[in-house]
Amino acid sequence: MKKVKIGLLGRIVIAIILGVAMGYVLPMPWVRLFVTFNGIFSQFLGFMIPLIIVGLVTPAIAEIGHGAGKMLLVTVAIAYIDTVVAGMLSYFTGAAFFPSLVSASTSGLAAMQKSAPIEPFFTVNIPAILDVMSALVFSFIAGLGIAYGNLKTLKNASNEFKHIIEKSIEQAIIPLLPLYIFGIFLNMTVSGEAFRIISVFATIIVVIFALHIFVLLYQYIIAGAIVKKNPFKLLWNMRSAYLTALGTSSSAATIPITLKQTVKNGVSEGVAGFTIPLCATVHLSGSAMKITACAFTIMLLQGMEHSFPLFLHFVMILAIFMVAAPGVPGGAIMAALAPLSSILGFGAEEQALMIALYIAMDSFGTACNVTGDGAISLVVNRLFAKHKSEADNS
């Protein structure tokens with residue numbers, strides 16, 4: 001018989017359902033056992049976060065640094081600005097609409113906060129060898145040094161370390177995530193919090209979906225105005241890239257389709273061949289929008305500070321961290337755990353919620369990312385075609 005393989009999203013959904021269901025029947029010793037596992041796993045995750053940044057950002061920066069000229073700088077700048085804009089648009093949408101959506105379920109918050117936390121049988125302390133910002137700064141220095149110094153030995157070492165980190169994520173973190181999320185929802189059910197969280201996010205997800213459509217519309221309206229073409233036709237031409245990303249949840253797997261449709265929109269093959277693979281690494285507007293919305297909602301639920309300066313800081317750093325995201329399962333949320341903890345103050349429970357929510361909507365964020373890459377290619381093609389024609393005329 002053919003073996004049925006359940007994907008990560010399916011396993012996460014099953015873990016959430018089982019966590020809620022078992023929270024009503026499991027005796028407290030079993031609940032404490034899973035709470036103990038979650039405590040150890042969260043310590044391991046905290047240890048891994050700086051290593052993930054060093055292992056994935058360093059080679060990514062080294063590869064980007066191999067590009068040369070104004071086109072690289074312009075493409076990276078546009079991608080970064082658009083990612084930040086999408087994140088802040090998500091913040092402002094959340095600030096305008098989410099409090100009213102959350103307020104209906106805040107009546108049980110006070111009782112929940114008074115309930116005693118479930119204690120683990122024991123704890124294991126695994127301190128990180130670097131803090132998050134030190135890891136990021138080191139990654140940029142090492143990556144740029146490798147790129148501009150053409151340091152082949154260090155480049156090989158960074159790629160081998162990247163392989164270790166990717167395998168650690170794929171073979172240890174990702175397989176254990178469903179069990180970790182099961183433990184979180186089991187704990188929340190026993191504490192009486194699970195249904196409140198689920199009911200709030202059932203509504204928030206609808207808003208996030210509408211927001212990601214709006215992000216694509218403004219990207220192509222701006223691009224269409226710059227290239228003087230119908231933005232809706234340009235966006236419609238990218239539908240096969242959108243649907244491919246929706247099905248695969250992979251920016252890398254969608255690159256051939258994105259390239260083909262971008263050229264169909266009038267971008268030269270040379271510009272498309274440069275910008276599309278690059279944007280798959282540095283342009284993650286859909287992911288930033290989704291992570292910001294989910295983080296804002298969790299902070300509302302937990303009564304945490306969610307001011308504009310705090311989220312501006314978070315989104316600007318998040319857009320840098322996520323160059324580590326492509327090519328790794330759940331890469332964006334894995335990279336985002338660093339600023340979530342260091343800037344927004346997320347603990348293990350909040351991080352687990354973020355992972356579950358992100359993976360549940362992963363395909364929509366990826367589809368938004370890759371479709372937006374086509375808009376950036378249009379703008380870059382227009383800018384450099386203009387410069388080229390001016391040089392030819394002179």
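Is Pro231 buried or exposed, and at what relative accessibility? Let's work that out first, then try a few more exercises on this predicted model.

**Exercise 1. Place Pro231 in the fold and decide whether Pro231 is buried or exposed.**

Step 1: find the element. Pro231 sits in helix H8, which covers residues 231–237.

Step 2: check the accessibility. Pro231 has 17% relative accessibility, and buried means under 20%. Pro231 therefore counts as buried.

Step 3: look at who is around. If you skip neighbours within four places in sequence, Pro231 is in contact with Tyr220, Ile221 and Gly224.

Step 4: add a distance. Gln219 is 12 residues from Pro231 along the chain, and their C-alpha atoms are separated by 8.8 Å.

**Exercise 2. Find the salt bridges and say how exposed their partners are.**

Step 1: get the count. There are 2 salt bridges here.

Step 2: take Glu166 and Lys162. Their closest N and O atoms are 3.9 Å apart, and the cut-off is 4 Å, so the pair makes the list.

Step 3: see how they line up. Both belong to helix H6 (residues 152–190), and because they are 4 residues apart, about one helical turn separates them.

Step 4: compare the partners. Glu166 is buried at 18% relative accessibility, while Lys162 is partly exposed at 28%.

Step 5: repeat for Glu170 and Lys167. This salt bridge has its closest N and O atoms 3.8 Å apart. The two residues are 3 apart in helix H6, again about one turn of the helix. Glu170, at 28% relative accessibility, is partly exposed, and Lys167, at 38%, is partly exposed too.

**Exercise 3. Describe the nonpolar patch on the surface and name the helix that gives the most to it.**

Step 1: list the members. Phe209, Ile213, Leu217, Ile221, Phe232 and Phe364 make up the patch.

Step 2: give its area. Together these residues have about 500 Å² of accessible area.

Step 3: trace the helix. Helix H7 (residues 194–227) gives the most, with 4 residues.

Step 4: pick a member. Leu217 lies in helix H7 and is partly exposed, at 30% relative accessibility.

**Exercise 4. Work out what His212 touches and whether His212 is buried or exposed.**

Step 1: locate the residue. His212 is also part of helix H7.

Step 2: read the accessibility. A relative accessible area of 2% makes His212 buried.

Step 3: name the contacts. Leaving out residues up to four places away in sequence, His212 touches Tyr242, Met289, Phe364 and Cys368. You've met Phe364 before, in the nonpolar patch.

**Exercise 5. Identify the residues of the positive surface patch and look at Lys260.**

Step 1: the patch is built from Lys229, Lys233, Arg239, Lys260 and Lys264.

Step 2: Lys260 belongs to helix H10, residues 251–264.

Step 3: with a relative accessible area of 59%, and exposed meaning over 50%, Lys260 is exposed.

**Exercise 6. Sum up the whole chain.**

Step 1: count the elements. There are 16 helices and 0 strands.

Step 2: check the burial. Of the 394 residues in the chain, 51% are buried.

Step 3: look at the surface. The chain exposes about 17,500 Å², with carbon and sulfur atoms supplying 68% of that.

Step 4: check the contacts. Take those between residues at least 6 apart in sequence: 85% of them join residues at least 24 apart.

Note on methods: Residues are numbered from 1 along each chain as its sequence is written. This is a predicted model: local features need pLDDT of at least 70, side-chain atom pairs count only at pLDDT 80 or more; totals for chains, interfaces and linings use all residues. Side-chain values use heavy atoms; hydrogens and water are left out. Patches are made of residues with over 30% relative accessible area and no salt bridge: like charges are joined within 9 Å, nonpolar side chains (Val, Leu, Ile, Met, Phe, Trp, Tyr) within 5 Å. Accessible areas come from the Shrake-Rupley method with a 1.4 Å probe; for residues, only the protein chains shown count as cover. A salt bridge is a side-chain nitrogen of Lys or Arg within 4 Å of a carboxyl oxygen of Asp or Glu. Lys and Arg count as positive and Asp and Glu as negative; His and the chain ends are not counted. The place of a charge is taken as NZ of Lys, CZ of Arg, CG of Asp or CD of Glu. Buried means under 20% relative accessible area, exposed over 50%, partly exposed in between (1.4 Å probe, protein chains only). Contact means heavy atoms within 4.5 Å.
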